[in-house]
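Thank you all for coming; I would like to take a few minutes to walk through one model with you. Please have a look at it first, and then I will go from the overall layout to two details of the backbone.

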Amino acid sequence: MSNDKHNPSGEHKGVFEKSSSVEYRQTCTNCDKKSESYHGNRWDAHHILPGVVFSSAQSDDPNGFIIECLNATEYDINAAYSLAGMPKLTAFILYFQRDRTMPKFDASKEKTVTMQRWGKVRKYKSQKDIPIAFPGDIPVHNPVNWGHTQYNDDVDEHLTSEIWNALRKKKKKKKAHFKPEDLKDKLTSAKDKFWKKLLKRGKGPGFGDHKGIEANLRHRYDRGAEKGWWQPLCMAKVDMPTSPSLL
């Protein structure tokens with residue numbers, strides 16, 4: 001630390017940029033939230049606090065104070081405590097396309113090119129020995145227009161209002177001592193909060209009385225489904241995902 005209590009200095013303890021996908025994906029296979037995560041066919045490693053939100057904070061940091069605070073804080077977005085396994089949309093298609101009790105596929109009613117792959121999704125060769133299983137009520141990580149982009153914005157807004165602005169206030173007033181452990185606690189709290197929100201969304205309502213991912217997928221062609229059947233599948237509240245090429 002520097003002598004100025006408000007300006008943590010050059011000790012670089014925090015990691016807030018993504019490591020290589022090979023590295024963080026391997027770490028994610030043994031993440032702290034493994035029992036609540038999905039690591040079956042067509043899974044993705046999710047940074048619960050995305051790296052992009054930290055890039056955003058640092059770009060709006062003219063005095064470099066937030067960067068210094070992060071560098072001094074022992075928090076790693078690529079660590080097992082920061083990651084969770086989530087399904088791609090194709091993981092649900094892979095599972096349900098074999099189910100004869102699902103409604104007959106109608107490409108004309110699907111608004112995304114990914115959903116139009118229904119009946120054509122196959123296992124990755126690298127996962128050929130993994131049994132096909134229901135991914136659980138966990139929103140999809142990819143494609144990103146199924147809520148991930150909005151999720152990033154929601155996390156960014158929360159960290160700005162609850163953490164970054166408070167740090168800026170400390171810097172401006174010069175009355176409080178910055179403590180790395182306090183910032184770590186706040187980041188951990190935010191991480192746990194957003195993971196719980198994701199799990200709640202996956203089990204939550206879509207349209208009508210239908211809750212959870214399976215029920216809403218099964219009834220996506222019903223009257224009224226356009227009011228929100230996709231919501232449990234999405235990482236954040238969004239309008240119906242639509243591929244531009246299908247407009």
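Reading along the sequence, you can follow the pattern α-β-α-α-β-α-α-α-α, which amounts to seven helices and two strands in the protein. I should say at once that this is a predicted model, and everything that follows should be heard with that in mind.

As for the overall dimensions, the C-alpha atoms fill a box of roughly 70 × 40 × 30 Å along the principal axes, and of the 247 residues in the protein, 46% are buried. If we take the contacts between residues at least 6 apart in sequence, 77% of them join residues that are at least 24 apart. The protein exposes about 13000 Å², of which carbon and sulfur atoms supply 49%. There are 43 positive and 31 negative charges, and their mean positions lie 4 Å apart.

Now to the backbone, where a general reminder is useful: most residues other than glycine have a negative phi, and most peptide bonds are trans. Against that background, Arg-42, in the loop between helix H1 (21-28) and strand E1 (43-47), has a positive phi, near 60°. Is this Arg-42 buried or exposed? Its relative accessible area is 6%, and since buried means under 20%, Arg-42 is therefore counted as buried.

The second detail is the peptide bond from Asn-142 to Pro-143, which is cis, with omega near 10°; Pro-143 sits in the loop that runs between helix H4 (89-96) and helix H5 (148-173).

Note on methods
Residues are numbered from 1 along each chain as its sequence is written. This is a predicted model: local features need pLDDT of at least 70, side-chain atom pairs count only at pLDDT 80 or more; totals for chains, interfaces and linings use all residues. Side-chain values use heavy atoms; hydrogens and water are left out. Helices (H or I, at least four residues) and strands (E, at least two) are DSSP runs, numbered from the N terminus. Buried means under 20% relative accessible area, exposed over 50%, partly exposed in between (1.4 Å probe, protein chains only). Contact means heavy atoms within 4.5 Å. Accessible areas come from the Shrake-Rupley method with a 1.4 Å probe; for residues, only the protein chains shown count as cover. Lys and Arg count as positive and Asp and Glu as negative; His and the chain ends are not counted. The place of a charge is taken as NZ of Lys, CZ of Arg, CG of Asp or CD of Glu.
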